[in-house]
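Me: Please take a close look at one part of this model and go through it piece by piece. Short sentences are fine. Give each cut-off when its term comes up.

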Amino acid sequence: MYIDMHNHFVYGVDDGCKTQEAMEKLLTALHEDGVTKLISTSHITPSQRHFPMEDYQAHFAQAQAFVKSQGWEMELYTGHEILYTDAASRYLREGRALTLAGSDFTLVEFVPGEKLERMQEAAQKVRNAGYRPVFAHIERYEAMNNLKHVRQMKEDFGVRLQVNCHTFVDKQPFLRRRWLGQLIKEQLLDYVSTDTHDMKGREPCMTRCYQTLEKEFGHDVARSLTWYDALEFFEDA
Ligand SMILES: [Fe+2]
């Protein structure tokens, strides 16, 4: 059993699945991979790109109906992956950007090469708006390569951190591998998730990620990163 809290299965609303058929294939692969709680985190770019909320809600309902028809033990939840813009916290306050499973946690991503100061500003503004920030795929941001910055981000703003499963599963350069190990040993990392968009390129690999984590860091770490830590999103659901 795994929780996948970062996923683009809802079709026709971002660069994730393009068709209902592709969505159903992806849901099938996630089910076969052992995912039992799944949060849809379609991309939203506040004030810069229109988000088709009605399509999102309709296609999310289709996904729920499909899962039910298959009789799987899989719960689906709504959410967004918010690209941080100046309008992001306003969108959250106005309910135009969806939090993770209706909790007060919100998944935030940045443009490549984003500066540390801007990431700190994002964390502060999200907190000021009454939400708890979760930073998506932190392996993409150079500012997070420095563990001092990571520690500070957690201490100052309580930011939760997510890394994509493929980053653990795929071969990595020595320094990247060492950085991942340090994140885990210092208990700085909170979740691993698929961030899967469709079955072309970044297919679900929660099980392989779990096995890699278990082999390198032990059972407890592997279970925390793939299940226990993310349970906090559903406490009020
Ligand atoms: Fe994503």
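Reply:
**The six-strand sheet and its surroundings**

Gln 187 takes a positive phi of about 55°, just after helix α7. Helices and strands here are DSSP runs (H or I, at least four residues; E, at least two), numbered from the N terminus. The model is predicted: local features need pLDDT of at least 70, side-chain atom pairs count only at pLDDT 80 or more, and totals for chains, interfaces and linings use all residues. Residue numbers start from 1 along each chain as its sequence is written.

Helix α7 itself covers residues 174-185, twelve residues in all. From first C-alpha to last it reaches 16 Å. That is close to the expected 16 Å at 1.5 Å a residue (1.5 Å times one less than the number of residues).

Now the sheet. It is open, and six strands form it. Their order is β3-β5-β6-β7-β8-β9, with parallel pairing (at least two DSSP bridges between two strands). The edges are β3 and β9, the latter at residues 191-193. Each of these edge strands pairs on one side only. From one strand to the next, the twist averages 35° (angles run from 0 to 180 degrees between N-to-C directions of axes fitted to C-alpha atoms, for helices over the stretch in contact).

Start at the β3 edge. Strand β3 spans residues 42-44 and pairs with β5, residues 80-83. Three bridges link β3 and β5, in the parallel sense. His 43 has Glu 81 of β5 as its bridge partner.

Go on to the other neighbour of β5. Strand β6 takes residues 105-109. It runs parallel to β5, and three bridges join them. Here Leu 83 stands opposite Glu 109 in β6.

Further along the order come β7 and β8. Strand β7 is residues 132-135, and strand β8 is residues 160-164. Two bridges pair β7 with β8, again in the parallel sense. Val 134 faces Arg 160 of β8 across this pairing.

A helix packs on this sheet: α4, residues 116-128. It touches β6 and β7 (contact: C-beta atoms, placed from the backbone, within 7 Å). The direction of α4 makes about 145° with that of β7.

There is also an open sheet of three strands, in the order β1-β2-β4. Its pairing is parallel. The edge strands are β1 (2-4) and β4 (75-77), each paired on one side only. Neighbouring strands of this sheet are turned by 15° against each other on average, direction ignored. Strand β2, residues 35-39, runs parallel to β1, and three bridges join the two. Asp 4 lies opposite Leu 38 of β2.

Last, a helix pair. Helix α8 (residues 206-217) and helix α9 (residues 219-226) pack at about 145°. Their axes are 7 Å apart. On the α8 side, the contact is made by Met 206, Cys 209, Tyr 210, Leu 213, Glu 214 and Phe 217. On the α9 side, His 219, Val 221, Ala 222, Leu 225 and Thr 226 take part.

Notes: Contact = placed C-beta atoms within 7 Å.
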